[in-house]
Amino acid sequence: MLTSHRLVRSVITRAHSCSKPLSTVATLPRIAVCGSGPSAFYSIKYLLDKHPDVHIDIIEKLPTPFGLVRYGVAPDHPDVKSVVTQFAEIAENKRVQYFGNVVLGKDVELSQLLSSYSAVVLGIGATSDRKLGISGEVEVDERADPATGTLSSGGLLSARSFVHWYNGHPEFAWVKAVLQALPHPLRDVVIVGHGNVAIDCARIMTESLSELQHTDIVTDALEVIRGCGIERVHLLGRRGHVQAAFTIKELRELSKLAECRLVIRRDELDAGMTDASRDELAASRPRKRITDLVENICKGTAPGVEGIKKQEIHLRFLVSPTDITSSEGWVSGVKTVRNSLVGGAGGQAAVATAEEELLPAQLLLRSVGYKSEPVPGLEPEFFDDRRAVVCNQRGRVTSTASDATVKTGLYVTGWLKRGPSGIIGTNIADAKETVESVLTDLESGMIAPVPASGGDISPLRELLAPDVNVVDWAGFRRIDAEETRRGQVAGKLREKITDVCELLAVAGRCR
């Protein structure tokens, strides 16, 4: 990596080598943004807004942009996905170029980007998930065969994999084969976690065909899920209902499913209502509203919970998994322990008791948090393995050492910066902070503009090999139009293309 002084000298040297005099050589702040999810796009927006001359190249490993908005938001939440309209306007700015199907660490190295751009912003997000760390997990976990690249599972999947699959992520098409290989019917499914992702998975598993068929869920995935024969979904949370991570909107949606009844146990609500929990409720109106709804669901008086329905969701509290039982390599059940709450308001911990229970299960989804992985080409001392984030100070990448050495020209935003928390809008303040650091360093001369290369504003074109099938924004627009057309034929919002080769062919980039 070039230090700030060496970078400035490099700019001057390259400018002198041009045929034009130095005074006429255009120099521009050029920034490479790795990733194209919400954190990346909000960073691009504020860079464009705050600096009239900055030019930005988006580097995305998939042919399609938008990250978790496209592949993580539930298909029955189209209002949340509407933010892509704003992101598309940003991408169409004349100072922005999109480079899809370009993989950092394979098609271009981080060191090359740092040497060719004024700054590099990492907005890659979280590409893995946290483990349960319980007995039996390894035996039935999703795993890759390094010889063939295929994956197998005995019935344990991450919720991240399941969500990416039904949302059409090309790298998770293998989930279909896993589900089809499991012993059917999958009468009982256990989901560990009470976050919005866990709630989404439970809802998608139990929503009726009429509730989902007009959304942008992958049709093939919908057919597989409907054919699994799921009767009960058990959602396990280690703490009480007062501490639950889901929102009232998510809970209300579960309670109003047309063909599925939401079940909550009175004894678990009572056990979670400690004095500290009462103090927490008194200090939080949103928590009070959720508790009121939970009580009404438990009593059967909440709208939508009455009547006989084909499926059930059991929303469990104060329960933790301790062991996964299996039969001939397949998940057969989940051993759990009852917890009690210990501690003061705002800091109650779940402590295991002696009470145990065995839940039947033919499929187990792990939904205890996403996790970021080390960035290809970034030295280990800049990644915090414990927190699974890139170390930073206000977005500037720093080392884990006590002196916190700054990695000049490298910045981070989003989940890779702060950890996997918050909603799409949480990235706004996060991106503003990182952009402020970038612009401050430009103004101070810590990072510098780079000379223009003819009429092409992108150094990336010179870094990529000719055989890289780059999908530009026009190519993505062709993908978008084709998916919309297929959706109209099927009577739905869109039908996503899930194969990379087909995506490239539609984009006009398949060779």
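Which residue of β13 is the bridge partner of Cys 260? Keep that in mind as you open this predicted model; the tour starts at the sheet.

**Stop 1: the whole sheet.** Select β9, β17, β10, β11, β13 and β12, and you have the 6 strands of an open sheet, listed here in their order across it. The pairing is parallel. Look along the sheet for its twist: neighbouring strands are turned by 20° against each other on average, direction ignored.

**Stop 2: the edges.** Now colour residues 156–158 (β9) and 260–263 (β12). These two strands stand at the edges with a single partner strand each, so one side of each has no neighbour in the sheet.

**Stop 3: β12 and its partner.** Stay with β12 and add residues 311–316, which are β13. The two strands run parallel and are joined by 4 bridges. Here is the reply to the opening question: Cys 260 has Gln 311 as its bridge partner in β13.

**Stop 4: a helix on the sheet.** Move over to β9 and show residues 159–166, helix α8. This helix packs on the sheet and touches both β9 and β17 (363–366). The direction of α8 makes about 70° with that of β9.

**Stop 5: a helix pair.** Finally, select α10 (residues 196–206) together with α13 (residues 248–255). Their axes come within 10 Å and cross at roughly 15°, which makes α10 roughly parallel to α13. The crossing is left-handed. Turn on side chains for Asn 196, Ile 199, Asp 200 and Arg 203 on α10, and for Glu 250, Glu 253 and Leu 254 on α13: these residues make the contact. By class, 4 are charged, 2 nonpolar and 1 polar.

Note on methods
Residues are numbered from 1 along each chain as its sequence is written. This is a predicted model: local features need pLDDT of at least 70, side-chain atom pairs count only at pLDDT 80 or more; totals for chains, interfaces and linings use all residues. Side-chain values use heavy atoms; hydrogens and water are left out. Axes are lines fitted to C-alpha atoms, for helices over the stretch in contact, and angles run from 0 to 180 degrees between N-to-C directions. Angles under 35 degrees count as roughly parallel, over 145 as roughly antiparallel, 65 to 115 as roughly perpendicular and the rest as oblique. A crossing is left-handed if the near helix is turned anticlockwise from the far one by less than a right angle, and right-handed if clockwise. Contact means heavy atoms within 4.5 Å. Ala, Val, Leu, Ile, Met, Phe, Trp, Tyr, Cys and Pro count as nonpolar, Asp, Glu, Lys and Arg as charged, and the others, Gly among them, as polar. Two strands pair if DSSP finds at least two bridges between them.
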